[in-house]
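Please open the structure in a viewer and keep the selection tool at hand. The tour below proceeds stop by stop, naming what to select and what is found there.

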Amino acid sequence: MDCGVLTSKSILIFLSLIFWAAGGVLTYVGASLLLTFKNYNHFFEDHYTVLPALVIIGIALIMFVIGLIGCCASLRESRFALGLFMTILLIIFAAEVSAFVLGFVYRKKVHEGLNNSMTLVFAKYNGKNSESRAVDVLQEEMQCCGIKNYTYWETTKWFNKGNKTFPLSCCKVHFSNCTGSPKHPELLNTGGCEVKLEDGLESTLSYAMLIILGFAIIQLFGMFSICVIGCRRKQEGYQPLPHGMYA
């Protein structure tokens, strides 16, 4: 029994199991990103900011099938199956590198364009239109008020042409007597929405990129293991390990 081949096969089987687990995790992360962009799409000028999430989900969907291919390739020790698995690993590795880079690129774009788009949406607030509903949802879920802070509303038409109150979505959830009056800031969420939205997106993207980086490192070990098995098969006298060992 060749210890190197046994170790390599064990790594490949472990890698296949990791494919299934990582596919599930990346599906969750990608879906979370898409849900975030969907809920707050009014605040993003560039719709291509969802591209990293789509790449992540695309990778995750094929990981489940690849995990099955990896198990078959390592157990049967077929040169064709090993070569196919190596090719798939290289393609996935390239896609992961692309998603990793796109995560950094579009995170910067989100930061650059978020303030301008939020200013446009907040300026259209009248309490009735779709922009108003988007702002209210954002302020309620993020527990924030205004773009930079709650005093932003004092510069808007909503405040100056109305009854000089802030939207009720600025109120803290624990105070049912809140009317949005600036005279009682203790009843309001005073923090700005821009920073909280940026932090939420960057946190999710950072989490996704960390997973991608970790899995890419594991894939490097998998590709090395395929090379070990492939080289051993060329040596005279090498016999495949009994399938019963992994049954």
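Leaving aside its neighbours within four places in sequence, which residues is Thr 165 in contact with? The model shown is a predicted one. Select Thr 165 together with Trp 158, Phe 159, Thr 179, Gly 180, Ser 181 and Pro 182: these are its contacts once neighbours within four places in sequence are set aside. Thr 165 itself belongs to the loop that runs between helix H5 (157–160) and helix H6 (193–234). Its relative accessibility is 14%, and a residue under 20% is classed as buried, so Thr 165 counts as buried.

**Second stop: Ser 181**

Next, select Ser 181, which is found in the loop between H5 and H6. Ser 181 is buried, its relative accessible area being 15%. Not counting residues up to four places away in sequence, Ser 181 touches Thr 165 and Leu 188. Add Lys 164 to the selection: its C-alpha atom and that of Ser 181 are separated by 7.4 Å, although the two residues are 17 residues apart along the chain.

**Third stop: a salt bridge**

Now select Glu 194 and Lys 148, whose side chains meet in a salt bridge with an N to O distance of 2.8 Å. Glu 194 lies in helix H6 and Lys 148 in the loop between H4 and H5, so this pair ties together parts that are 46 residues apart in sequence. Is each partner buried or exposed? Glu 194 counts as buried at 6% relative accessibility, whereas Lys 148, at 57%, counts as exposed. The salt bridge count for the model comes to 1.

**Fourth stop: Gln 143**

Remain in the loop between H4 and H5 and select Gln 143. Most residues other than glycine have a negative phi. Gln 143 is not a glycine, yet its phi is positive, at about 50 degrees. With 44% relative accessibility, Gln 143 counts as partly exposed.

**Fifth stop: the aromatic rings**

The count of aromatic pairs comes to 7. Select Phe 122 and Trp 153, whose ring centres are 5.5 Å apart and whose planes stand at 40 degrees, so the pair is tilted. Phe 122 lies in helix H3 and Trp 153 in the loop between H4 and H5, so the pair ties together parts that are 31 residues apart in sequence. Both Phe 122 and Trp 153 are buried. Then add Tyr 152: its ring centre lies 5.8 Å from that of Trp 153, with the planes at 70 degrees, so this pair is edge-to-face. Tyr 152 and Trp 153 are both buried. Extend the selection to Tyr 125 and Trp 158, and the cluster that ring pairs link together, with Phe 122, Tyr 152 and Trp 153, is in view.

**Sixth stop: the nonpolar core**

The largest nonpolar core has 57 residues, and those with the most contacts inside it are Phe 19, Leu 26, Met 63, Phe 85, Phe 122 and Trp 153. At least two residues of this core come from each of helix H1 (3–39), helix H2 (51–76), helix H3 (79–123), helix H4 (130–142) and H6. Select Phe 85 for a closer view: leaving aside its neighbours within four places in sequence, its contacts include Leu 12, Phe 19, Ile 66 and Ile 226.

**Last stop: a surface patch**

Finally, select Leu 17, Trp 20, Phe 64 and Leu 68, which make a nonpolar surface patch of about 360 Å². H1 and H2 each supply at least two residues of the patch, and Leu 68 has its place in helix H2.

How values were computed. Residues are numbered from 1 along each chain as its sequence is written. This is a predicted model: local features need pLDDT of at least 70, side-chain atom pairs count only at pLDDT 80 or more; totals for chains, interfaces and linings use all residues. Side-chain values use heavy atoms; hydrogens and water are left out. Helices (H or I, at least four residues) and strands (E, at least two) are DSSP runs, numbered from the N terminus. Buried means under 20% relative accessible area, exposed over 50%, partly exposed in between (1.4 Å probe, protein chains only). Contact means heavy atoms within 4.5 Å. A nonpolar core is a set of buried Ala, Val, Leu, Ile, Met, Phe, Trp, Tyr and Cys residues joined through side-chain atoms within 4.5 Å. A salt bridge is a side-chain nitrogen of Lys or Arg within 4 Å of a carboxyl oxygen of Asp or Glu. Patches are made of residues with over 30% relative accessible area and no salt bridge: like charges are joined within 9 Å, nonpolar side chains (Val, Leu, Ile, Met, Phe, Trp, Tyr) within 5 Å. Accessible areas come from the Shrake-Rupley method with a 1.4 Å probe; for residues, only the protein chains shown count as cover. Rings of Phe, Tyr and Trp (its six-membered ring) pair if their centres lie within 6.5 Å; planes under 30 degrees apart count as stacked, over 60 as edge-to-face and the rest as tilted.
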